[in-house]
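Got the viewer open? Let's take a short walk through this one, selection by selection.

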Protein chains: 2
Amino acid sequence: MPQFLNATDADFEARFAALLTMKREDAPDVDEAVAAIIADVRARGDAAICDLTSRFDRLDLTPETMRFSADEIADYAGQVSAEDRAALELAAARIRAYHDRQMPRDESWVDETGATLGWRWTPVSAAGLYVPGGLASYPSSVLMNAVPARVAGVERLVMCVPTPDGVVNPLVLLAAQISGVTEIYRIGGAQAVAAMAYGTDTIAPVDKITGPGNAFVAAAKRRVFGRVGIDMIAGPSEILVIADAQNDPDWIAVDLLSQAEHDESAQSILITDDAAFGAAVARAVDKRLETLERRAIAGASWRDFGAVVVVRDLAQAAELSNRIAPEHLELAVADPDALAAKITHAGAIFLGQWTPEAIGDYIGGPNHVLPTARSARFSSGLSVMDFIKRTTMARMTPESLHAIGPAAVRLATSESLEAHGLSVQARLDRLNR
Amino acid sequence: MPQFLNATDADFEARFAALLTMKREDAPDVDEAVAAIIADVRARGDAAICDLTSRFDRLDLTPETMRFSADEIADYAGQVSAEDRAALELAAARIRAYHDRQMPRDESWVDETGATLGWRWTPVSAAGLYVPGGLASYPSSVLMNAVPARVAGVERLVMCVPTPDGVVNPLVLLAAQISGVTEIYRIGGAQAVAAMAYGTDTIAPVDKITGPGNAFVAAAKRRVFGRVGIDMIAGPSEILVIADAQNDPDWIAVDLLSQAEHDESAQSILITDDAAFGAAVARAVDKRLETLERRAIAGASWRDFGAVVVVRDLAQAAELSNRIAPEHLELAVADPDALAAKITHAGAIFLGQWTPEAIGDYIGGPNHVLPTARSARFSSGLSVMDFIKRTTMARMTPESLHAIGPAAVRLATSESLEAHGLSVQARLDRLNR
């Protein structure tokens with residue numbers, strides 16, 4: 001049974017606060033093991049990669065077979081059905097169209113002193129995309145990471161995907177091909193992250209590493225951060241649905257289960273202004289759970305972390321949502337735009353009852369890599385911004401330096417940074433001669 | 001003596017590669033001490049803050065005296081000379097004008113299927129700014145962190161600045177007042193970071209923490225990351241000057257020293273296409289070092305980490321600069337725009353010989369918080385983007401779901417995520433009835 005909370009209950013605030021701070025993840029501490037793996041890859045390069053792949057993935061590689069050849073990629077991609085290929089291509093096209101609009105413009109202007117100011121955006125030269133092997137090897141994640149990188153202008157786009165026992169997911173290779181990945185290696189784990197961060201004889205280093213992974217991958221990303229950029233370290237998935245009584249309880253039930261089925265640590269919450277509707281959704285969840293393929297996972301998530309919260313009105317729903325700062329927020333209400341206007345913190349919003357969250361996981365266009373664990377209070381989902389960086393530009397004229405230089409000298413002096421002041425003063429002296 | 005490298009030397013590539021990977025920082029390992037401080041603040045709140053402030057800053061506080069009152073701020077701000085106040089106000093106005101232009105726009109459009117897509121930007125609700133005490137207590141850093149936060153729309157802007165032995169820097173309080181800081185606490189170190197991240201009875205928690213600090217502050221920021229957002233962990237400052245022979249060697253010398261004086265670990269590099277000019281600059285540096293107030297620091301930095309690199313032409317200078325990915329890049333050449341067009345990685349570019357880097361530290365308008373240690377390959381300086389976050393939006397119509405929903409169902413099935421597919425299929429079934 002999930003939790004049932006009602007805003008009119010005396011203990012509501014305490015229980016809601018407990019829901020907010022609930023610990024859902026018990027990540028194993030693999031940091032020491034990961035440190036050893038990274039050190040091994042830095043010391044022995046390709047040889048370490050081959051040994052570790054043999055140990056963890058039961059796969060014997062040589063530096064020559066580490067990388068998928070163009071022929072191999074074409075062969076695997078050719079195994080995908082025409083229907084699956086068409087679906088992937090439609091998804092890639094829609095994700096590309098959405099992310100194309102994210103590219104910011106360079107700016108340059110002349111201020112009132114005659115100084116030229118502005119900034120310029122340039123892409124990261126080389127990015128590395130980690131893709132998990134086995135069950136969590138999702139072609140949709142390949143698109144969501146690789147397409148924004150290519151839209152941003154990243155020239156070299158490396159992908160590492162482990163193939164335990166040599167098992168390859170053809171859809172993952174096809175997704176990489178469609179989205180413009182330029183190199184694919186059949187390696188995984190902390191060793192793949194280390195190879196991309198530090199390079200080996202076979203794998204040139206990259207500047208930024210993104211993509212999901214298990215505890216080893218997450219710990220390795222944390223450790224190489226600074227040496228390279230990384231995206232967020234994602235926690236378990238979450239969905240918050242705000243729904244009024246004018247919904248089919250079964251639709252809302254499957255929406256809640258679509259996150260619950262990811263992971264036993266996932267969290268699905270319904271907020272509604274109608275207690276009877278909330279109870280009907282809970283019944284519909286139970287009914288769906290009877291037959292769902294992943295009912296063991298989804299059922300555990302719903303039982304341990306699920307919640308139905310009854311509020312007095314939708315304004316209160318928005319307030320509670322802003323405290324949760326959900327990764328995914330569905331607004332299944334009569335006027336979703338009005339409710340969305342009250343939302344200040346959310347990774348992605350799905351408006352109206354015809355927009356199930358899963359549409360955004362695959363094909364809507366927006367990115368499905370989103371801030372979890374309340375981090376939507378301060379961070380955003382993956383975008384082209386993760387693959388570009390800003391260089392600020394300034395050009396003084398003698399006149400503009402004359403106008404603002406003395407203030408810089410004064411501030412440098414107040415901070416006891418004499419050479420800072422001298423570098424401006426030496427030029428002002430020339431003007432005043 | 002700094003290093004002298006010439007691109008025509010046989011060992012040039014090896015020496016340049018060594019320059020790139022030179023270890024300049026030997027940060028003390030304070031992580032365990034910091035973990036204990038954070039745990040203490042989480043457990044005992046205000047009482048821990050008062051005890052730690054007494055121990056580290058030799059200052060007795062109570063929860064009532066932790067925060068500067070409005071009267072105290074006004075009193076200290078009133079001690080600043082009219083000239084210093086005018087300089088700070090000019091700097092704040094210019095920084096504000098520059099950062100105003102960084103605010104991105106919300107977007108919304110209807111695609112060919114009738115789906116409404118877009119995104120919306122919202123500010124972080126509460127940000128915390130750390131300002132070091134003592135010698136490194138820079139009013140310019142207050143402006144560079146606080147102004148972008150306020151431009152972004154951050155409502156609650158907290159500042160923590162330690163006041164060892166009760167010594168207050170009036171310029172720092174004035175800078176906070178000018179830039180719109182809403183709360184100021186006289187606490188510092190890892191305890192201040194912990195208080196801002198987790199909150200105490202007196203200090204409400206924030207969502208994002210920015211600002212420079214010593215090894216304790218840096219370790220604390222790393223530890224609270226995830227609970228709150230943080231800005232980058234900055235390394236020692238760096239400057240790269242690319243200069244042709246048409247420059248006054250003394251100007252370039254003071255520019256190099258303006259970063260060297262920050263820190264013995266700072267690094268100043270000159271790249272020039274004229275060996276005689278390079279030698280002249282090195283002589284000018286030595287001459288300036290004879291009298292510079294901070295000659296001990298600047299001299300050690302120049303001796304240990306400084307370098308003069310002679311190249312065959314400016315195209316080669318750009319190539320080397322892109323491998324360095326400098327924090328600050330001065331282009332003191334005849335056609336700086338042409339050279340800038342070849343630069344792919346740099347935190348900030350200062351164009352032409354009338355633009356000393358120090359103008360950007362104070363008053364140019366761009367931010368002086370910039371990526372160090374080659375991280376300009378993948379990251380940007382501080383901006384309004386650090387204080388806002390994007391919520392992606394999608395709204396399907398029955399028609400748009402009919403158009404793209406089947407592809408989502410197919411992809412969900414290929415990933416064995418049945419409930420994802422069901423959440424779309426349940427709606428498609430209604431349409432097909």
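Start with B:Pro104: of the residues of chain B, its C-alpha comes closest to the rotation axis, at 4.1 Å. Keep in mind as you click around that this is a predicted model.

Now colour by chain and look at how the two copies relate. Chain B lands on chain A after a rotation of 180° with 0.0 Å of shift along the axis, and the RMSD is 0.0 Å. The two copies are thus related as by a two-fold rotation axis. Next, select the interface residues of chain B: 100% of them are also interface residues in chain A, so the copies meet through the same surface.

Time to go inside. Which residues have the most contacts within the largest nonpolar core? Select B:Met159 and B:Ile184: these two hold that place in a core of 68 residues. Then highlight helix α6 of chain B, residues 139-152, which gives the most to this core, with eight residues.

Zoom in on B:Ile184 and show what surrounds it. Setting aside residues up to four places away in sequence, B:Ile184 touches B:Met66, B:Arg67, B:Phe68, B:Ile73, B:Met159, B:Val161, B:Leu173 and B:Ala176. So B:Met159, the other residue you just selected, turns up on that list too.

There is another core to visit, lying apart from the 68-residue one. This one has 67 residues, and A:Val168, A:Trp354, A:Ala394 and B:Leu401 are among them.

Last stop: an annotated site in chain A. Select A:Tyr130, A:Gln191 and A:Asn214, where an unreviewed UniProt entry places the feature "binding site". They span 85 residues in sequence, yet no two of their C-alpha atoms are more than 12.7 Å apart, so they gather at one spot.

Take A:Gln191 by itself. You'll find A:Gln191 in helix α8 of chain A, residues 189-198. Is A:Gln191 buried or exposed? Its relative accessibility is 2%, so A:Gln191 counts as buried. Show its contacts, skipping neighbours within four places in sequence, and you get A:Ile37, A:Val41, A:Ile49, A:Leu52, A:Thr53 and A:Phe56.

Finish with A:Asn214, in the loop between β7 (208-210) and α9 (215-224) of chain A. With a relative accessible area of 46%, A:Asn214 is partly exposed. For a distance to check in your viewer, pick the side chain of A:Asn214 and the backbone nitrogen of A:Phe216: the side chain reaches that nitrogen at 3.0 Å.

Terms used:
Residues numbered from 1 in each chain as written. Chains lettered and ligands numbered in written order. Predicted model: local features only at pLDDT ≥ 70, side-chain atom pairs only at ≥ 80, totals over all residues. Heavy atoms only, no water. Core = buried A, V, L, I, M, F, W, Y, C linked by side-chain atoms within 4.5 Å. Buried < 20%, exposed > 50% of the residue type's maximum accessible area, 1.4 Å probe, protein only. Helix = DSSP H or I, 4+ residues; strand = E, 2+ residues; numbered from the N terminus. Contact = heavy atoms within 4.5 Å. Least-squares fit on C-alpha atoms with pLDDT ≥ 70 in both. UniProt positions renumbered as here; feature names shortened; annotations may be inferred. Polar contact = N/O pair within 3.5 Å; in protein donor to acceptor, adjacent residues only side chain to side chain.
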